[in-house]
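Here is a guided reading of one protein chain. Please keep the model open beside the text.

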Amino acid sequence: MEEERKSYGLDLDLSLIGEFNSYMNRDIQFFIKHKIQLGSDYRKNTNAWDCICAAMIRIADIIAYLNSFRTNPEQDSRQAFGFMDFMNQSSSLIDAINMLAETFGLSLEEENKSCEIFNKAGKDNQGSDKLYFEYLRSLCSIHPLDTSRHKRYMHENAKFECCPFVVWNNSTFMGGDADIIAKIYTNSEDSTNTKESIYLPQVVKYVRHRYQLLENIKKQAAKLVEERKQELRNIPIPEQRSSESFNQYLTRLENESVQRYQSNQQYRWDFIKMIMSSAMTNSNNDQVFAQYKKAWKIAVEFERNSLQCMKRKGLSCSGISDGSEGELGTLFDRLYYPRYGIKKYTYELGKVLNLDPQSANYSPCNRAWGREKLADMLPFLQQYVAIDIDNTSDKELFILTNIALFEHALKTGIIVIPMNADT
């Protein structure tokens, strides 16, 4: 028995919170303005995102700590401080799980009534695993000098409990087969001092069980997201109307994007508007520019389908049929970021971005450096477009660079315009 008590830890699966975190970030647009659905009145119906983030961080850090933590009787000869810390951190973990359940409207009422792990129903037979765990923590750690709130678990005739020692079991306190003994004083003249026997495998099992509720919370969150997506799918997004210009159409789609995904990507839509309202000063570039604009019109229609269907996978929504949507996004994404996979000019391309008049980094100094780096790329760019750096505006140089990258992406297969697509 002594060897079995040498080390107790949780050994929780850290990937569970990792997957939950990834899911929250993947569908972040649906959670940014999510309201807490259950719980205290002062918290209910308030924005939940900060609480979600705080809970996820706490859970991940606590699990990492507890997985490396071992309660060890040899290190706690007088007081089981390791066990006290274990209880406190486990309680914080459970509080974070409860917060997430409240946030997404998942009732834990049945879980909170269960008495299957500790089998401690208390004097009134109304206790539960949840309540008994809270009693142990209060007695051993946070309220050792006044454990009077948990009356159903207080010993016979006791109106008050205080705990001078929490120790590993040995012959001094005659604790039977328990792992930890909490010595209890009651200030009662007609009763002897007593103890609470604590079995660590039960405590560990309870904490593990509460942590695993995170999977149910994730399913509840996914259910709420799907319900919201279905609501949005039922709101039609018309194709370009005969009464609106293409720029007006783009603005309407931009507004739909903000409404549906709660993220403002105005810079992308402004970029397309800039492309559509521009012209080439060198007629040798007219053909490739026309092809580039047509590709954008095709991508915009796929983006409209994506907004309508509330998904970004599948040919009809992504414009991509090679199954790599998760890696490279949609056709819309690839057109906006055509330099994917070009490693040779990574630095130069970063500086050429500063030639965009709409960029926050557009300044005389950055423009000059951007032109200099663009000159370094001429052997690559001139394979696809005609460029005269000295006699071309910043904006046109920026557009020509994107056209060249687009043509290169077509050549290398990073961008493929669907055969049946048309405008």
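**A walk through the chain**

Lysine 273 is part of helix 8. The model is a predicted one, and this residue serves as the starting point. Is lysine 273 buried or exposed? Its relative accessible area is 17%, and buried means under 20%, so lysine 273 counts as buried. Leaving aside residues up to four places away in sequence, lysine 273 touches Asn247, Leu250, Thr251 and Glu254.

The next stop is helix 7, which covers residues 246–261. Asparagine 255 is found in this helix. With a relative accessibility of 48%, asparagine 255 counts as partly exposed, because that class takes in values between 20% and 50%. Asparagine 255 and glutamine 266 are 11 residues apart along the chain, and their C-alpha atoms are separated by 9.1 Å.

Helix 8, residues 266–276, also takes part in a pocket: this helix, helix 13 (346–352) and helix 16 (394–412) each give at least two residues to the lining of the second largest pocket. The space in the second largest pocket comes to about 360 Å³. Its lining is made up of 19 residues, and those closest to the centre are Phe271, Tyr336, Leu353, Asp356 and Phe398. Which helix supplies the largest share of this lining? Helix 16 does, with 4 residues. Sorted by class, the lining of the second largest pocket holds 10 nonpolar, 6 polar and 3 charged residues.

Now consider the chain in full. The chain has 423 residues, of which 46% count as buried. Its secondary structure consists of 16 helices and 3 strands. Among contacts between residues at least 6 apart in sequence, 60% join residues at least 24 apart. The chain exposes about 21,500 Å², and carbon and sulfur atoms supply 47% of that area.

The strands can be taken together. Strand 2 spans residues 180–184 and pairs with strand 1 as well as with strand 3. Strand 1, residues 166–168, runs antiparallel to strand 2 and is joined to it by 3 bridges. In this pairing, valine 166 stands opposite alanine 182. Strand 3, residues 194–198, also runs antiparallel to strand 2, and 5 bridges join the two. Here isoleucine 184 of strand 2 stands opposite threonine 194 of strand 3.

How many of the residues of strand 2 are buried? The count is 5 of 5. In a regular strand, side chains alternate between the two faces of the sheet. In strand 2, Ile180, Ala182 and Ile184 lie on one side, while Ile181 and Lys183 lie on the other. These residues are all buried, and both faces of the strand are covered.

Strand 3 leads on to a cavity. A search of the whole structure finds 1 cavity of 30 Å³ or more. The largest cavity has a volume of about 40 Å³. Helix 5 (129–142), strand 3 and helix 6 (200–233) are the elements that give two or more residues to its lining. The lining residues are Phe118, Lys120, Tyr132, Leu136, Ser197, Ile198, Tyr199, Gln202 and Val203. By class, 6 of the residues lining the largest cavity are nonpolar, 2 are polar and 1 is charged.

Two loop residues remain, and both concern the backbone angle phi. Asparagine 125 is found in the loop between helix 4 (109–113) and helix 5. Its phi is near 60 degrees, a positive value in a residue other than glycine. Is asparagine 125 buried or exposed? Its relative accessible area is 56%, and exposed means over 50%, so asparagine 125 is exposed.

Methionine 310 lies in the loop between helix 9 (286–309) and helix 10 (315–318). The phi of methionine 310 is near 55 degrees, again a positive value in a residue other than glycine. Methionine 310 has a relative accessibility of 1% and therefore counts as buried. Of these two loop residues, then, asparagine 125 is exposed, whereas methionine 310 is buried.

Definitions and conventions:
Residues numbered from 1 in each chain as written. Predicted model: local features only at pLDDT ≥ 70, side-chain atom pairs only at ≥ 80, totals over all residues. Heavy atoms only, no water. 1 Å grid on protein atoms, 1.4 Å probe; cavity = no way out; pocket = protein on both sides within 12 Å on 5 of 7 lines; lining within 4 Å. Points joined across faces, edges and corners; volume = space filled by probe spheres on them. Nonpolar A, V, L, I, M, F, W, Y, C, P; charged D, E, K, R; others polar. Buried < 20%, exposed > 50% of the residue type's maximum accessible area, 1.4 Å probe, protein only. Contact = heavy atoms within 4.5 Å. Areas by Shrake-Rupley, 256 points an atom, 1.4 Å probe, with all protein chains shown as cover. Pairing = 2+ DSSP bridges.
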